[in-house]
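Trainee: I would like to learn how to read a model like this one, feature by feature. Where do we begin?

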Amino acid sequence: MLMRTQVGIVGAGPAGLLLSHLLHLHGVESVVVENRSRDYVEHRVRAGVLEQGTVDLLNESGVGERMQREGLVHHGIELRFGGRGHRIDMTDLTGGRSITVYGQQEVVKDLIRARAGADGPIVFGATDVAVHDLDTAVPRITFRNGGETVEIKSNVIAGCDGFHGICRPSIPSGVLSVFERTYPFAWLGILAEAPPTHEELIYAYHERGFALYSMRSPEITRLYVQVAPEEDIGGWPDERIWQELHTRLETDDGWKLREGKIVEKGITGMRSFVVEPMQFGRLFLAGDAAHIVPPTGAKGMNLAVADVRALARALTGFFKSGKTDMLDAYSATCLKRIWRAEHFSWWMTSMLHRFPSDDAFQHRLQRSQLEYVARSRPAATSLAENYVGLPFD
Ligand code: RFL
Ligand code: PHB
């Protein structure tokens, strides 16, 4: 089967779906090709923190209604170390900005519903997805679906297929420069059926390692502990996870973590990764396909959103008036914000984790940095403005 569209989009994560939705609002046609099922992508538990700008964009583009009802607006976060908490009042420090806690899979559900409501084509469960003729005016996506071979001819392909996707590796070698760090630890994350006992997120620095207290709703807590990178989830029965969380999160003033049934468990490696440029011919990369941050800064999904906001504008200019200036500038425009988020995520990660190679000197430096951020208004302001997200453009 042969299909034709203006923009062929590979991947139905936040980047691909939002791009398709924004293009539709501007009268540009697209087809999304995803290799997983709809049920799978709607239940993949990942990010939870939306920057102010992400929230504003979802609202302005008409997909924020359920987020406004169910999302939890937070005005601060807590840094916890030395047995006590230190609140960073983000709203006060940033002139009124805040974050919203709303699961990534909920954003994905809202976007799929919006695309389905507009009869926007999304192919789920595609196999053998490949991209071709990237340096021509008619790049193609091919895949198999229900026994049939399908070809999509388009004017532009958006590679929104995440870190393990096929678009980035389809770019000829020598075109991309890769910038990368891996970290000597991973995060073990759980979802627990336990009403949160603290209203805001807690980032904890502890001699046994980092821990993060987050949530998804008034009934569900989301928790993470730093573990060794090669750790197997089988070695972490529920009791061991709770024990580490209690040890790393509890304070001298008697605050207690509430336990509940663990309904999701997984281990995620930590890396920083950027490719430059985010383009080859008529293929444009967006989101995790082009860059990864360690999750400590809560930036990954927000960067994906910022990329496709810029790409949708550039593509609209291209299709409506034939202008290529914004498309030509796409990579450079996005990389400015990406590198800021890369630095912030690396900095938060470095400040809050125990590195196996660190000595007592390094531990003293980390404590000093944490105390400085907790006590100094300028230092806290720097953390806060990066955390809530810098303005677009
Ligand atoms: P995604 O979400 O990975 O979507 C890519 C889509 O492409 C599909 N795909 C393919 N489709 C067709 N053909 C192929 N060959 C394909 N290969 C892959 C995939 O199935 C998928 O549907 O990338 P996207 O859209 O760029 O979105 C990026 C975000 O998912 C990611 O950055 C965040 O989840 C990162 N992240 C966080 N970001 C935040 O902004 N705030 C957070 O609080 C936050 N916490 C996190 C996180 C990521 C985590 N993990 C598990 C990596 C916490 C964790 C634990
Ligand atoms: C989450 O709620 O999943 C979450 C929150 C903050 C982070 C990372 C993940 O930095």
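Mentor: With strand pairing. Two strands pair if DSSP finds at least two bridges between them. Keep in mind that this is a predicted model. Now the case: β16 (residues 211-215) and β17 (residues 221-227) pair in the antiparallel sense, over 5 bridges.

Trainee: Which residue of β17 is the bridge partner of M215?

Mentor: T221. The link between the two strands is a hairpin, and 5 residues make the connection from β16 to β17.

Trainee: How many bridges pair β14 with β17?

Mentor: There are 7, again with antiparallel pairing, and β14 covers residues 177-193. One bridge sets L191 against R222 of β17.

Trainee: Now the whole sheet. In what order do the strands lie?

Mentor: Read across: β7-β6-β15-β16-β17-β14-β18-β21. That is 8 strands in an open sheet with mixed pairing. At its edges are β7 (84-89) and β21 (291-292), each paired on one side only.

Trainee: What joins β21 to β18?

Mentor: Here 2 bridges do it, and the strands run antiparallel; β18 spans residues 261-276. In one of the pairs, F273 has I292 of β21 as its bridge partner.

Trainee: Next, burial. Is β17 mostly covered or mostly exposed?

Mentor: The cut-off for buried is under 20% relative accessible area, counting protein chains only. By that test β17 is mostly covered, with 7 of its 7 residues buried. Look at both faces. T221, L223, V225 and V227 point one way, R222, Y224 and Q226 point the other way, and all are buried.

Trainee: Which helix lies across β6, β7 and β15?

Mentor: α11, residues 377-388. For the angle, take the N-to-C directions of the fitted axes, on a scale from 0 to 180 degrees. α11 runs at about 125° to β6 (76-81); β15 here is 202-204.

Trainee: And helix length? Why does the end-to-end distance of α8 agree with expectation?

Mentor: Multiply 1.5 Å by one less than the number of residues. α8 has 22 residues (300-321), so it should span 32 Å, and its end C-alpha atoms are indeed 32 Å apart. Burial follows the cut-off above: 18 of the 22 residues of α8 are buried, so "mostly covered" fits under that definition. Just past α8, check the backbone: G322 takes a positive phi of about 70°.

Trainee: How should I read a single residue? Take P14. Where is P14?

Mentor: Place it, test its burial, then list its contacts. P14 is in helix α1 (residues 14-25). Its relative accessibility is 13%, so P14 counts as buried.

Trainee: What is P14 in contact with, leaving aside neighbours within four places in sequence?

Mentor: Q104, V108, L111 and M301. P14 and V108 are 94 residues apart along the chain, yet their C-alpha atoms are separated by 5.8 Å.

Trainee: Do the same for H198. Where is its place?

Mentor: In the loop between β14 and β15. H198 is at 17% relative accessibility, so it too counts as buried. Its side chain makes a 2.9 Å polar contact with that of E78. A polar side-chain atom of H198 also lies 2.9 Å from the backbone oxygen of E200. Beyond four places in sequence, the contacts of H198 are E78, R80, Y213, M215 and W255.

Trainee: Now the ligands. Which residues come nearest to ligand 1?

Mentor: Start with the nearest residues, then look for polar pairs. Around ligand 1 there are 34 residues, and E34, R44, Q104, D288 and M301 come nearest. A polar side-chain atom of E34 is 2.6 Å from a ligand 1 oxygen. The backbone takes part in other pairs. A backbone N or O atom of N35 lies 3.3 Å from a nitrogen atom of ligand 1. A polar backbone atom of A298 is 3.2 Å from one of its oxygen atoms.

Trainee: How many residues surround ligand 2?

Mentor: 14, and the closest are Y203, S214, R216, Y224 and P295. Polar side-chain atoms reach ligand 2 oxygen atoms from Y203 at 2.7 Å and from R216 at 2.8 Å. P295 uses its backbone: a polar atom there is 2.7 Å from an oxygen atom of ligand 2.

Trainee: Y224 has come up before.

Mentor: Yes. Y224 is among the buried residues of β17, and also among the closest to ligand 2.

Conventions
Residues are numbered from 1 along each chain as its sequence is written. Chains are lettered from A and ligands numbered from 1 in the order in which they are written. This is a predicted model: local features need pLDDT of at least 70, side-chain atom pairs count only at pLDDT 80 or more; totals for chains, interfaces and linings use all residues. Side-chain values use heavy atoms; hydrogens and water are left out. Helices (H or I, at least four residues) and strands (E, at least two) are DSSP runs, numbered from the N terminus. Buried means under 20% relative accessible area, exposed over 50%, partly exposed in between (1.4 Å probe, protein chains only). Contact means heavy atoms within 4.5 Å. A residue is near a molecule or strand if one of its heavy atoms lies within 4 Å of it. A polar contact is a pair of N or O atoms within 3.5 Å; within protein, one must be able to donate a hydrogen and the other to accept it, and residues adjacent in sequence count only if both atoms are side-chain atoms.
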